[in-house]
Amino acid sequence: MKSTDEMTYFGIVHQVPILQYEGFDYLMDLLRQKKCKSFLEIGTAIGRTALQAASLDPEMKVVTIEKNPDMAKEARQNIESHPNGNQVLLIEGDARETEIPSGPYDVIFIDAAKGQYRRFFERYAPMLAEDGLIVSDNMNFHGLVQHPERTKNRHTRALIRRINDYRAFLDGLEEYETTLLDVGDGLAVTRRKTDV
């Protein structure tokens, strides 16, 4: 069994896009505060976030989706060898179309293909518990959202535009309110408005 620190080290060494420490700690604190019992993660990577979430509460049920077969294989090994692995359901497939348990989920965490965040939000928001939260990572994208002039890479610039479009989409939602946090690589925390 790999510990959280070992999974973090593996992620750094193998350049796996895992949640930065500050964002990771914030998310775990958020799950504790909400007394979260059902957690949906879009973008498993190596299973670090899913397993840590499962470790917070013996009643926690985690559903996590991973498209990349290599990542899914590594995650499956980590999940199967972990004491809380029986609380985690790993679904291998494209989060835009794969079937999952319908929820409701107390917290939905979006940390997959940055260009697809809006599609993920629109697909999974109906599965959110009434007082649930949707947390989206990489809202700053290594500081490039605020400073796009720092990259000349066309693909990266397109990605930055998609992130900005997603931020504008969240801001324009009538039934939800979003707080942008300068934590880790930038987190958006979205909840239903109570006065709608």
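How many aromatic pairs does the structure hold? The structure, which is a predicted model, holds five aromatic pairs, and one of them makes a convenient place to begin the tour.

**First stop: F39 and F109.** Select these two phenylalanines and look at their rings, whose centres lie 6.5 Å apart with the planes at 20°, so the pair is stacked. The pair links distant parts of the chain, since F39 sits in strand β1 while F109 belongs to strand β4, 70 residues apart. Both F39 and F109 are buried. Before leaving the aromatic residues, add Y117, F121, Y166, F169 and Y176 to the selection, which together form one aromatic cluster.

**Second stop: E41.** Return to strand β1, which spans residues 38-42 and contains E41. This glutamate is buried and yet has no salt bridge; the nearest side chain of opposite charge belongs to R48, 8.2 Å away. What joins the side chains of E41 and T64? Draw the distance between the two side chains and you will find a polar contact of 2.7 Å. If you then display what surrounds E41, leaving out residues up to four places away in sequence, the residues that it touches are T49, A50, V63, T64, I65 and F109.

**Third stop: the nonpolar cores.** Select next L40, I42, I100, I108, I110, F121 and Y124, the residues with the most contacts inside the largest nonpolar core, which has 26 residues. Colouring by secondary structure helps here, for β1, β2 (61-66), β4 (105-110), α5 (117-124), β5 (128-136) and α6 (154-172) each supply at least two residues of this core. Apart from it lies another core, of 24 residues, among them F24, L31, L90 and V107. To look at one residue of the largest core in detail, centre on I42, which, with neighbours within four places in sequence set aside, is in contact with residues including I65, A95, I108, F109, I110, F120 and Y124. The contacts of I42 also include D111 and A112.

**Fourth stop: the salt bridges.** The structure holds eight salt bridges, and three of them are visited here.

Begin with K37 and E59, whose side chains meet at 3.9 Å, N to O. K37 lies in the loop between α2 (21-33) and β1, and E59 in the loop between α3 (48-55) and β2, so the pair ties together parts that are 22 residues apart in sequence. With a relative accessibility of 32%, K37 counts as partly exposed, whereas E59, at 55%, counts as exposed.

Move on to D94 and K67, which form a salt bridge with their closest N and O atoms 3.7 Å apart. Here D94 lies in the loop between β3 (88-92) and β4, and K67 in the loop between β2 and α4 (69-80), so this pair ties together parts that are 27 residues apart in sequence. Is each partner buried or exposed? D94 has 13% relative accessibility and counts as buried, while K67, at 53%, counts as exposed.

Finish with R118 and E122, whose side chains meet in a salt bridge at 3.0 Å, N to O. Both residues lie in helix α5, four residues apart, which is about one turn of the helix. R118, at 45% relative accessibility, counts as partly exposed, and E122, at 42%, also counts as partly exposed. As a last selection, take K37, D57 and E59 together, which salt bridges that share partners join into one network.

Technical notes
Residues are numbered from 1 along each chain as its sequence is written. This is a predicted model: local features need pLDDT of at least 70, side-chain atom pairs count only at pLDDT 80 or more; totals for chains, interfaces and linings use all residues. Side-chain values use heavy atoms; hydrogens and water are left out. Buried means under 20% relative accessible area, exposed over 50%, partly exposed in between (1.4 Å probe, protein chains only). Lys and Arg count as positive and Asp and Glu as negative; His and the chain ends are not counted. A salt bridge is a side-chain nitrogen of Lys or Arg within 4 Å of a carboxyl oxygen of Asp or Glu. A polar contact is a pair of N or O atoms within 3.5 Å; within protein, one must be able to donate a hydrogen and the other to accept it, and residues adjacent in sequence count only if both atoms are side-chain atoms. Contact means heavy atoms within 4.5 Å. A nonpolar core is a set of buried Ala, Val, Leu, Ile, Met, Phe, Trp, Tyr and Cys residues joined through side-chain atoms within 4.5 Å. Rings of Phe, Tyr and Trp (its six-membered ring) pair if their centres lie within 6.5 Å; planes under 30 degrees apart count as stacked, over 60 as edge-to-face and the rest as tilted.
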